[in-house]
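Visitor: I'm new to reading protein structures, and I'd like a close look at a single part. Could you pick one and then follow its contacts outwards for me?

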Amino acid sequence: MRHLALLRGVNVGGARSLPMRELEQAFTAAGATAAATVIQSGNVVFASDRPEATCAAAAAAVEAKYGFRPPIVLRSAEAWRAMVEANSFVAAGVGPEALHLACLAAKPSPSLVARLDPRAFLPDEFVLAGADVYLRLPNGVAKANLANARLDRMFGTVSTMRNWRTVLRLLERLED
């Protein structure tokens, strides 16, 4: 079964540098087959019967060699396809330049979600769907009210964000 590992905070702004070839090797050594990275920001498409264990072992290998343990959010190819197809912002005609996706490590508790006021983040908008957060960021991610740190606090879990073009590219690679 094919999976996608999304590493948070790798090769962003010159921090936490990690060569993608070595990341692929870490996944292969952890038992993955057909491990391949997509762009330089820590996206790994791989096959494994034990994806959680594979990600944990790869993260440990990165920590041992580079001194940091990147949070990893895992999605199956099927879950990724379903997430892409369910984006209500796309259905409403919002262009890809304003769209992003935040993947959460875990589904947030209903009590946290109930306390959120979506109007507090305007002009940014979000739609929570399970452990995925669809984002419309009309002023771009650099000026967004909904950056990773805020999303982590809002939902009580680790998040990692990708722009919509990357989301679609990852889907293509998962289905190759």
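Guide: One word has to come first: a residue counts as buried when its relative accessible area is under 20%, and as exposed when that figure is over 50%. Keep in mind, too, that this is a predicted model.

Let's start with helix α6, which covers residues 148-155. Which of its residues are buried? They are Leu151, Asp152, Met154 and Phe155. If you look down the axis of α6, those buried residues fall within an arc of 165°, so they line one face of the helix. What do they pack against? Their partners are strand β5 (99-104), helix α5 (110-114), and the strands β6 (125-129), β7 (132-136) and β8 (159-163). Just after α6 comes Gly156, whose phi is positive, near 70°.

Now let's follow one of those partners, β5. This strand is mostly covered, with six of its six residues buried. Here's a handy general point before we look at its side chains: in a regular strand, side chains alternate between the two faces of the sheet. In β5, Leu99, Leu101 and Cys103 point one way, while His100, Ala102 and Leu104 point the other way, and all are buried.

β5 also has strand partners, two of which we've already met. With β7, β5 runs antiparallel and is joined by five bridges. In that pairing, Leu99 sits opposite Arg136 of β7. With β8, β5 again pairs in the antiparallel sense, over five bridges, and there Ala102 is opposite Met161. If you're wondering what holds such pairs, strands of a sheet pair through backbone hydrogen bonds.

Next, stop at Asp132, which belongs to strand β7. Is Asp132 buried or exposed? The relative accessible area of Asp132 is 11%, so this residue counts as buried. The side chain of Asp132 makes a polar contact of 3.0 Å with that of Arg75. Setting aside residues up to four places away in sequence, Asp132 touches Arg75, Met83, Leu101, Ala102, Cys103 and Val127. Notice that Leu101, Ala102 and Cys103, which we met in β5, are in that set.

Two of those contacts lead us on to a nonpolar core. As a rule, in soluble globular proteins nonpolar side chains tend to be buried together. The largest nonpolar core here has 19 residues, and the ones touching the most other members are Trp80, Met83, Leu101 and Trp164. Two or more residues of this core come from each of β1 (2-7), α3 (77-85), β5 and α7 (164-175). Which element gives the largest share? That's α7, with five residues.

Take a look at Trp80 to see how this works in detail. Leaving aside neighbours within four places in sequence, Trp80 is in contact with Leu4, Leu6, Arg75, Leu101, Cys103, Val167, Leu170, Leu171 and Leu174. So what about Arg75? Arg75 touches Trp80 and also makes the polar contact with Asp132. There's a second, separate core as well, made of 16 residues, including Ala5, Met20, Val44 and Cys55.

Let's move outwards to an open sheet of four strands, ordered β2-β3-β1-β4 with antiparallel pairing. At its edges are β2 (33-37) and β4 (72-76), each pairing on one side only. On average, neighbouring strands of this sheet are turned by 20° against each other, direction ignored. β2 and β3 (residues 43-47) run antiparallel and are joined by three bridges; among the partners, Ala36 is matched with Val45 in β3. Helix α1 (residues 20-29) packs on this sheet, touching β1, β2, β3 and β4, and its direction makes about 155° with that of β2. Helix α2 (residues 51-66) lies across β1, β3 and β4, running at about 150° to β4.

To finish, come back to α5, one of the partners of α6, and look at the loop that links α5 to β6. Arg115 lies in this loop, and with a relative accessible area of 61% Arg115 is exposed. Pro118 is found there too, but Pro118 is partly exposed, at 44%. Not counting residues up to four places away in sequence, Pro118 touches Asp124 and Phe126. How far does Arg115 sit from Thr37 in space? From C-alpha to C-alpha it's 37 Å, with their positions 78 residues apart in sequence.

Note on methods:
Residues are numbered from 1 along each chain as its sequence is written. This is a predicted model: local features need pLDDT of at least 70, side-chain atom pairs count only at pLDDT 80 or more; totals for chains, interfaces and linings use all residues. Side-chain values use heavy atoms; hydrogens and water are left out. Buried means under 20% relative accessible area, exposed over 50%, partly exposed in between (1.4 Å probe, protein chains only). The arc is that of the directions from the helix axis to the C-beta atoms. Contact means heavy atoms within 4.5 Å. A polar contact is a pair of N or O atoms within 3.5 Å; within protein, one must be able to donate a hydrogen and the other to accept it, and residues adjacent in sequence count only if both atoms are side-chain atoms. A nonpolar core is a set of buried Ala, Val, Leu, Ile, Met, Phe, Trp, Tyr and Cys residues joined through side-chain atoms within 4.5 Å. Two strands pair if DSSP finds at least two bridges between them. Axes are lines fitted to C-alpha atoms, for helices over the stretch in contact, and angles run from 0 to 180 degrees between N-to-C directions.
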